[in-house]
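Biologist: Please take a close look at a single part of this model, the largest cavity, and then set it beside the rest of the chain. Which residues line the largest cavity?

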Amino acid sequence: MKKLLLLTLSLVAGINSFSQSNTQFNSVSNERSQKQIPFSQFVYNDKVALKLDYFGELVLHPGLSMGVDYTLAKKNWVTIHWDSELGGYWHRWNNTALFLKSSIGARLPVKSFFVDLNLGAGYMHAFAVGTMYQISSEGGLEMAANWGHSHFMPTSSFLIGWDGTRKMNLPWTFHAGVEAYLQSSFNHIFLPHAAAKVGLTYKFKRQSL
């Protein structure tokens, strides 16, 4: 009888312990899912598209940019969108540059195709390629740290593309075109640049037809 009572109490204690641990696990899982909700709500918003571009400074100097395309307003004849991008490019034997930029654009549809006009601004940080030298305190030359230089970056772009979200309810758009931008404080002038852009956007959530 005592053995049966001890066995019963042990079984009850074990079930209670498992129940508590399972409750704690569920509460942790709920907390994690609640933390993920804001990000999921942003990504699965039908106004949000993720974008990826080849960014070829002077066409042949390779680079990449990635970011977010956010639809501010959409009509049958125009889509107003706000883009934010992070990227960079490599100019062999000259410089490597990183940039963060934002722009406002108007996308004008022609059936499933479109013309996209954009104006924006950003920040660029350029690093010279090669070893840097400076005059030492003794009057000779010594190696210097390459911390790069900061630049203001006004931008404009002209793109043409195909919009699969408009007629076929597909998640993709494809685009290609040219982006012109200025690099401030380069030998006391705004140095003009042109870059080829080829890329796509992808929506995780589309508007239902």
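Modeller: A cavity is a set of grid points where a 1.4 Å probe fits but cannot get out, while a pocket is an open set. Rolling a probe the size of a water molecule over the atoms shows where empty space is left. The model is predicted, and every value below is computed from it.

The chain comes first, as the setting. The chain has 209 residues, with 2 helices and 10 strands. Read from the N terminus, the order of elements is α-β-β-β-β-β-β-β-β-α-β-β. Of the residues, 31% count as buried. Among contacts with a separation of 6 or more, 53% are between residues 24 or more positions apart. The accessible surface is about 13900 Å², and carbon and sulfur atoms account for 67% of that surface.

Now the part you asked about. There are 4 cavities of 30 Å³ or more, and the largest holds about 120 Å³ of space. Its lining consists of Ala-49, Asp-69, Thr-71, Lys-74, Thr-79, Arg-107, Asp-163, Thr-165, Thr-173, Thr-201 and Lys-203. By class, this lining has 1 nonpolar, 5 polar and 5 charged residues. Strand β2, residues 63–74, gives the most to the lining, with 3 residues.

One of the lining residues is Thr-71, which lies in β2. Is Thr-71 buried or exposed? Its relative accessible area is 10%, and buried means under 20%, so Thr-71 is buried. Leaving aside neighbours within four places in sequence, Thr-71 is in contact with Lys-47, Thr-79, Ile-80, His-81 and Lys-203. Two names in that list, Thr-79 and Lys-203, also appear in the lining of the largest cavity.

The second largest cavity can be set beside it. About 90 Å³ of space lies there. Its lining has 15 residues, and those nearest its centre are Glu-85, Lys-101, Ser-103, Glu-179 and Lys-197. Two or more lining residues come from each of β3 (79–91), β4 (95–110), β5 and β8. The largest share, 4 residues, is from β8. The classes here are 2 nonpolar, 7 polar and 6 charged.

An open space gives another case. The second largest pocket has a volume of about 180 Å³. Its lining includes Asn-94, Phe-127, His-149, Gln-183 and Asn-187. At least two lining residues come from each of β5 (113–128), β8 (149–163) and β9 (172–186). This lining has 4 nonpolar residues, 7 polar residues and no charged ones.

Last comes a part made of nonpolar side chains. The largest nonpolar core has 9 residues: Phe-55, Tyr-89, Ala-97, Phe-99, Met-124, Ala-126, Met-153, Tyr-181 and Ala-195. Strands β4 and β5 each supply at least two residues of this core. Ala-126 belongs to the core and also lines the second largest pocket. Another core member, Ala-195, touches Phe-55, Gly-56, Glu-57, Leu-58, Gly-177, Val-178, Glu-179 and Tyr-181, not counting residues up to four places away in sequence. In that contact list, Glu-179 is also one of the residues nearest the centre of the second largest cavity.

To return to your question, the largest cavity has a lining with 1 nonpolar residue beside 5 polar and 5 charged ones, and β2 gives the most to it.

Key. Residues are numbered from 1 along each chain as its sequence is written. This is a predicted model: local features need pLDDT of at least 70, side-chain atom pairs count only at pLDDT 80 or more; totals for chains, interfaces and linings use all residues. Side-chain values use heavy atoms; hydrogens and water are left out. On a 1 Å grid over the protein atoms alone, a cavity is a set of points where a 1.4 Å probe fits but cannot get out, and a pocket is an open set with protein on both sides within 12 Å along at least five of seven lines; lining residues have an atom within 4 Å of a point. Grid points are joined across faces, edges and corners, and a volume is the space filled by probe spheres set on the points. Ala, Val, Leu, Ile, Met, Phe, Trp, Tyr, Cys and Pro count as nonpolar, Asp, Glu, Lys and Arg as charged, and the others, Gly among them, as polar. Buried means under 20% relative accessible area, exposed over 50%, partly exposed in between (1.4 Å probe, protein chains only). Contact means heavy atoms within 4.5 Å. Accessible areas come from the Shrake-Rupley method with a 1.4 Å probe; for residues, only the protein chains shown count as cover. A nonpolar core is a set of buried Ala, Val, Leu, Ile, Met, Phe, Trp, Tyr and Cys residues joined through side-chain atoms within 4.5 Å.
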